[in-house]
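Here is a friendly briefing to read alongside the model. Please have the structure open as you go through the points.

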Amino acid sequence: MTDETQPPPNQPADYTPPAVWTWDQPSGGQFASINRPISGATHEKELPVGKHPIQLYSLGTPNGVKVTILLEELLALGHGDAEYDAWLINIGAGDQFGSGFVEVNPNSKIPAMVDRSLDPSLRLFESGSMLVYLAEKHGVFLSTEVRPRTETMNWLMWQMGSAPFVGGGFGHFYAYAPFKIQYAIDRYAMETKRLLHVLDTHLARNEYIVGGDYTIADMAIWPWYGAIARDAYAAQEFLSVHEYTHLQRWVDLVGGREAVKRGRMVNRTFGRPETQLRERHDARDFEVNREDMVIERGGRA
Ligand SMILES: N[C@@H](CCC(=O)N[C@@H](CS)C(=O)NCC(=O)O)C(=O)O
């Protein structure tokens with residue numbers, strides 16, 4: 001409970017915002033080097049193109065993993081035209097500001113995608129847009145009936161809207177900021193726990209996010225909330241994630257799917273070497289020795 005008789009702590013105590021903000025100091029803690037207040041390319045660089053219809057330019061963060069899970073689920077169902085090349089975009093090195101990447105995503109964030117089966121080819125940015133596009137293109141994981149379709153979209157939009165509070169808010173201030181600011185951590189821990197409770201309450205009455213059907217809503221929500229429930233930001237004890245028992249059941253249920261296990265390996269540059277597949281160009285890439293692949297493709301992140 002808050003004590004409203006006490007003013008909130010100020011950090012630093014003597015800071016007053018100037019009339020006009022100017023970009024004269026780094027900000028962003030661990031990500032200071034990639035944060036800029038302007039959009040657009042910083043350098044000329046074409047994107048590589050592989051042999052498959054779908055070209056994905058991504059990284060194995062939750063936003064990237066949503067899309068590789070769906071692609072692997074489509075391939076598992078036999079949708080051969082979901083074959084894809086997944087190229088690694090190193091956001092720490094500024095790859096998202098290359099001219100070719102910015103042409104596909106003017107917002108300079110992974111994931112970005114090009115469907116080359118259309119002429120001219122089609123660009124996609126925003127992971128939620130990719131999930132809807134691919135599900136509609138293949139006629140799976142998003143019902144065409146108004147009620148389940150709308151419920152899927154409700155939860156997909158809920159995930160897209162809530163991720164910045166969980167990642168950019170809680171994760172940033174709890175794990176990445178250069179110093180701990182109690183006001184910010186309290187604010188975003190409050191919101192993250194509220195979101196976890198929304199999900200836990202819903203999953204107490206539903207096997208999957210949309211009742212008995214596994215949909216793109218599960219694929220969008222699992223990478224974020226599964227990570228929070230398991231290992232993200234080393235905050236599991238802090239957030240008491242064990243209390244969300246229905247969420248924990250669903251995290252195991254979805255995480256046990258073979259396509260989900262494959263999807264979360266793609267473009268992954270952290271964790272144990274055997275969990276990483278830095279680039280994916282062929283289904284057989286999952287079978288080769290992880291250790292060799294990590295070294296062969298340019299060193300461990
Ligand atoms: N709403 C976007 C968010 C994408 C996003 O935030 N991507 C992060 C990595 S998870 C990124 O590329 N950050 C690089 C940067 O901010 O420069 C989506 O869901 O596609």
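The notes below cover the ligand surroundings, a helix pair and some backbone details. Please keep in mind that this is a predicted model. Among the items to look at are the shell around the ligand, with four nonpolar, five polar and two charged residues, and the packing of helix α5 with helix α7 at an angle of about 75 degrees.

**Around the ligand**

- The ligand is surrounded by I34, T61, N63, I91, Q96, S108, K109, I110, P111, E126 and S127.
- Sorted by class, this shell holds four nonpolar, five polar and two charged residues.
- Both I110 and P111 belong to the residues around the ligand, and the peptide bond that joins I110 to P111 is cis.

**How α5 meets α7**

- Two packed helices can be described by the angle between their axes and the distance between those axes.
- Helix α5 spans residues 182–203 and helix α7 spans residues 245–255; they pack at about 75 degrees, and their axes are 7 Å apart.
- Angles of 65 to 115 degrees count as roughly perpendicular, so α5 is roughly perpendicular to α7.
- On the α5 side, the contact involves L196, L199, D200 and L203, which meet H246, L247 and W250 of α7.
- By class, the contact of α5 with α7 has five nonpolar, one polar and one charged residues.

**Cis peptide bonds**

- Most peptide bonds are trans, and most residues other than glycine have a negative phi.
- The bond from I110 to P111 is cis, with omega near -5 degrees; P111 sits in the loop between α2 (99–104) and β3 (112–115).
- The bond from D119 to P120 is cis too, with omega near -5 degrees, and P120 is part of the loop between β3 and β4 (122–125).

**Positive phi outside glycine**

- Y233 is not a glycine, yet its phi is positive, at about 60 degrees.
- You can find Y233 in the loop between α6 (216–230) and α7.
- Is Y233 buried or partly exposed? Y233 has 19 other C-beta atoms within 10 Å, and being buried takes 20 or more, so Y233 counts as partly exposed.
- N267, also a residue other than glycine, has a positive phi near 60 degrees.
- The loop between α8 (258–263) and α9 (290–296) is where N267 lies.
- N267 has 28 C-beta neighbours inside 10 Å and therefore counts as buried.

How values were computed
Residues numbered from 1 in each chain as written. Predicted model: local features only at pLDDT ≥ 70, side-chain atom pairs only at ≥ 80, totals over all residues. Near = placed C-beta within 6 Å. Nonpolar A, V, L, I, M, F, W, Y, C, P; charged D, E, K, R; others polar. Axes fitted to C-alpha atoms, helices over the stretch in contact; angles between N-to-C directions. Helix = DSSP H or I, 4+ residues; strand = E, 2+ residues; numbered from the N terminus. Parallel < 35°, antiparallel > 145°, perpendicular 65-115°, else oblique. Contact = placed C-beta atoms within 7 Å. Buried ≥ 20, exposed ≤ 12 C-beta atoms within 10 Å, placed from the backbone.
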